[in-house]
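Here is a friendly walk through one model, from its ligand to two of its helices and a few unusual backbone angles. Have the coordinates open as you read.

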Amino acid sequence: PLYQKATYLKSVPTIDLCPDELTHEVAFAGRSNAGKSSALNVITSQRTLARTSKTPGRTQLINFFTVDDTRALVDLPGYGFAKVNVKVKRAWEAGLTTYIEKRESLKGLILLMDSRIPPTEIDLIMLDWTKAIGLPVHVLLTKSDKLKKGPAKAELLKLKQLLKEQYPHATAQLFSSLKRDGLNEVWNKLDEWMEY
Ligand code: GDP
């Protein structure tokens with residue numbers, strides 16, 4: 001698929017510095033350690049793509065990977081870092097909200113959640129924000145290989161029930177970077193949002 005051609009474009013601290021040639025982008029967000037980098041690497045079939053965004057100094061930035069001239073995957077800063085002080089956290093929240101609310105080329109958000117951990121407060125805040133502005137979300141329940149088939153399915157059903165009741169703008173699937181499970185389903189979602 002096209003996503004294998006993704007290449008690092010740039011990292012920016014704020015929305016006003018985002019590249020202006022893009023018409024379609026899909027952003028990836030999630031708590032630190034949810035498996036975002038691994039997922040990005042598997043989705044783009046590149047072993048080191050998302051390491052670029054883990055380069056010290058870039059973890060707090062919005063990282064762009066272009067797929068073609070007008071489309072990009074966007075790696076957002078991981079959230080839930082406990083050791084950061086309140087001021088930094090506030091600034092980060094403000095920056096992220098602005099990007100999600102104002103970025104016109106943003107067509108959808110891939111939200112990564114560890115399949116073994118119930119949605120955290122910040123995950124729910126992300127779902128609330130996106131619901132308020134009508135931005136579609138697709139949740140990847142990551143590291144699904146760490147659960148047996150039955151329990152993994154049960155977690156997915158539980159989440160789908162919550163989404164149905166409170167977050168109808170969101171869909172969800174199981175995903176394993178290790179096993180490459182769920183890859184076609186994510187690619188299809190990206191195609192839909194990218195209008196390929
Ligand atoms: P990030 O902080 O969200 O970018 O998370 P990473 O992609 O760096 O992954 C965090 C940890 O989870 C690493 O130790 C990964 O090896 C592990 N991990 C990520 N995805 C998977 C997966 O699909 N299966 C398993 N078993 N481990 C995973």
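## Around the ligand

In this predicted model, 16 residues surround the ligand, and those that come nearest are Gly-35, Lys-36, Ser-37, Ser-38 and Leu-178. Helix α1, residues 36-43, supplies three residues, the largest share of this shell. By character, the shell holds ten polar residues, four charged ones and two nonpolar ones.

## Two helices and their faces

Now let us turn to α4 and α5.

Helix α4 (residues 121-133) has 13 residues and reaches 19 Å from its first C-alpha to its last, close to the 18 Å expected at 1.5 Å a residue. Which residues of α4 are buried? They are Asp-123, Met-126, Leu-127 and Thr-130. Seen down the helix axis, the buried residues of α4 fall within an arc of 95°, so they line one face of the helix. Glu-121, Asp-128 and Ala-132 are exposed on the other side of α4. The cover over the buried residues of α4 includes β2 (24-30), α3 (86-102), β5 (106-114), β6 and β7.

Helix α5 runs over residues 149-166; at 1.5 Å a residue its 18 residues should span 26 Å, and this agrees with its end C-alpha atoms, which are 26 Å apart. In α5, the buried residues are Ala-152, Glu-155 and Leu-159. These cover an arc of only 65° around the axis, which puts them on the same side of α5. The other side of α5 has exposed residues, among them Lys-149, Ala-154, Gln-161 and Glu-165. Elements that cover the buried residues of α5 include β6 (137-142) and β7 (170-174).

## Positive phi angles

Most residues other than glycine have a negative phi. Two non-glycine residues here have a positive one, Ser-45 and Lys-143.

| Residue | Phi |
|---|---|
| Ser-45 | about 50° |
| Lys-143 | about 55° |

Ser-45 sits in the loop between α1 and α2 (51-54), while Lys-143 belongs to the loop between β6 and α5. Are these two residues buried or exposed? Ser-45 has 14 other C-beta atoms within 10 Å, so it is partly exposed. Lys-143 has 25 C-beta neighbours inside 10 Å and therefore counts as buried, given that the cut-off for a buried residue is 20 or more.

A glycine also shows a positive phi: Gly-134, which follows α4, has a value near 70°.

Key. Residues numbered from 1 in each chain as written. Predicted model: local features only at pLDDT ≥ 70, side-chain atom pairs only at ≥ 80, totals over all residues. Near = placed C-beta within 6 Å. Helix = DSSP H or I, 4+ residues; strand = E, 2+ residues; numbered from the N terminus. Nonpolar A, V, L, I, M, F, W, Y, C, P; charged D, E, K, R; others polar. Expected span 1.5 Å × (residues − 1). Buried ≥ 20, exposed ≤ 12 C-beta atoms within 10 Å, placed from the backbone. Arc of directions from axis to C-beta. Contact = placed C-beta atoms within 7 Å.
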